[in-house]
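User: I am a first-year student and would like to know how the labels used for a protein model are arrived at. Could you go through them with me?

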Amino acid sequence: YIEENIPSIKVARPEGTYLAWLDCRGISKDAQHLKDIFIKKARVGLNEGSMFGKEGEGFQRINFACPKSMLLEGLHRIDNAVRSL
């Protein structure tokens, strides 16, 4: 979904887990700006990459261990928020 609809976000393929790293540096490297986009605009709570150290700045971590309908709802919200920038 992200590859096709939100090309400014790159997805690191997960290796046997239900967590994926989203490289959002194509949108912003600023942790507060990304937080505003995901929390305030998209209303989706992800793990901020910056909480894992300097290397995580510009990244978000998504947990996709949920019903497909819930995941798609969150992805649509992220898509709409990014398009509104």
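Analyst: The model is predicted, and the answers below set computed values against the cut-offs behind each label.

User: Why is Cys-24 called buried?

Analyst: Buried means under 20% relative accessible area. Cys-24 has 0% relative accessibility, so Cys-24 counts as buried.

User: How do you know that Cys-24 is in no disulfide?

Analyst: A disulfide needs two cysteine sulfur atoms within 2.5 Å. The nearest cysteine sulfur to that of Cys-24 belongs to Cys-66 and is 17 Å away. For Cys-66, in turn, the nearest cysteine sulfur is that of Cys-24, so Cys-66 is in no disulfide either. The count of disulfides comes to zero.

User: What makes Cys-66 partly exposed?

Analyst: Partly exposed lies between the 20% and 50% cut-offs. Cys-66 has 27% relative accessibility, so Cys-66 counts as partly exposed.

User: Why is the contact between Trp-21 and Phe-52 called an aromatic pair, and why edge-to-face?

Analyst: Two steps are needed. Rings pair if their centres lie within 6.5 Å, and those of Trp-21 and Phe-52 are 5.2 Å apart, centre to centre. Planes over 60 degrees apart count as edge-to-face, and here the angle between the planes is 80°. The conclusion is an edge-to-face aromatic pair.

User: What makes this a link between distant parts of the chain?

Analyst: Trp-21 is in strand 2, whereas Phe-52 is in the loop between strand 3 and strand 4, and the two are 31 residues apart. Trp-21 is partly exposed, with a relative accessible area of 30%, and Phe-52 is partly exposed at 39%.

User: How do you know that Trp-21 and Phe-59 form an aromatic pair?

Analyst: Their centres are 6.4 Å apart, and the cut-off is 6.5 Å. The planes of Trp-21 and Phe-59 stand at 80°, which makes this pair edge-to-face. Phe-59 is in strand 4, 38 residues from Trp-21 in sequence. Phe-59 has a relative accessible area of 19%, and is therefore buried. The count comes to two aromatic pairs, and Trp-21, Phe-52 and Phe-59 form one aromatic cluster.

User: Which residues of helix 2 are buried, and how do you know that they are on the same side?

Analyst: The buried residues of helix 2 are Leu-34, Ile-37 and Phe-38. They cover an arc of only 80° around the axis, which puts them on the same side of helix 2. In general, an α-helix has 3.6 residues a turn, so residues three or four places apart point the same way. Strand 4 and helix 3 are among the elements that cover these buried residues.

User: Which residues of the largest nonpolar core touch the most other members?

Analyst: That core has 18 residues, and Ile-9, Leu-22, Phe-38, Leu-46 and Ile-78 touch the most other members. Strand 2, helix 2 and helix 3 each give two or more residues to this core. Helix 3 supplies the largest share, four residues. Leaving out residues up to four places away in sequence, Leu-46 touches Leu-22, Phe-38, Gln-60, Arg-61, Ile-62 and Ile-78.

User: What makes the phi of Arg-43 worth a remark?

Analyst: Most residues other than glycine have a negative phi, and most peptide bonds are trans. Arg-43 is a residue other than glycine, yet its phi is positive, near 60°. Arg-43 is found in the loop between helix 2 and strand 3.

User: Is Arg-43 buried or exposed?

Analyst: The cut-off for exposed is over 50%. Arg-43 has a relative accessible area of 55%, so Arg-43 is exposed.

User: What joins the side chains of Asp-79 and Tyr-1?

Analyst: A polar contact of 3.2 Å joins them, and the distance cut-off for such a contact is 3.5 Å. Asp-79 is in helix 3 and counts as buried, at 7% relative accessibility. Apart from neighbours within four places in sequence, Asp-79 is in contact with Tyr-1, Asn-5 and Ile-6.

User: How far apart are Glu-48 and Phe-59 in sequence and in space?

Analyst: Glu-48 and Phe-59 are eleven residues apart in sequence and 6.6 Å apart in space, C-alpha to C-alpha. Glu-48 lies in strand 3 and is partly exposed at 24% relative accessibility. Neighbours within four places aside, the contacts of Glu-48 are Ala-31, Lys-35, Phe-59 and Gln-60.

Conventions:
Residues are numbered from 1 along each chain as its sequence is written. This is a predicted model: local features need pLDDT of at least 70, side-chain atom pairs count only at pLDDT 80 or more; totals for chains, interfaces and linings use all residues. Side-chain values use heavy atoms; hydrogens and water are left out. A nonpolar core is a set of buried Ala, Val, Leu, Ile, Met, Phe, Trp, Tyr and Cys residues joined through side-chain atoms within 4.5 Å. Buried means under 20% relative accessible area, exposed over 50%, partly exposed in between (1.4 Å probe, protein chains only). Contact means heavy atoms within 4.5 Å. The arc is that of the directions from the helix axis to the C-beta atoms. Rings of Phe, Tyr and Trp (its six-membered ring) pair if their centres lie within 6.5 Å; planes under 30 degrees apart count as stacked, over 60 as edge-to-face and the rest as tilted. A polar contact is a pair of N or O atoms within 3.5 Å; within protein, one must be able to donate a hydrogen and the other to accept it, and residues adjacent in sequence count only if both atoms are side-chain atoms.
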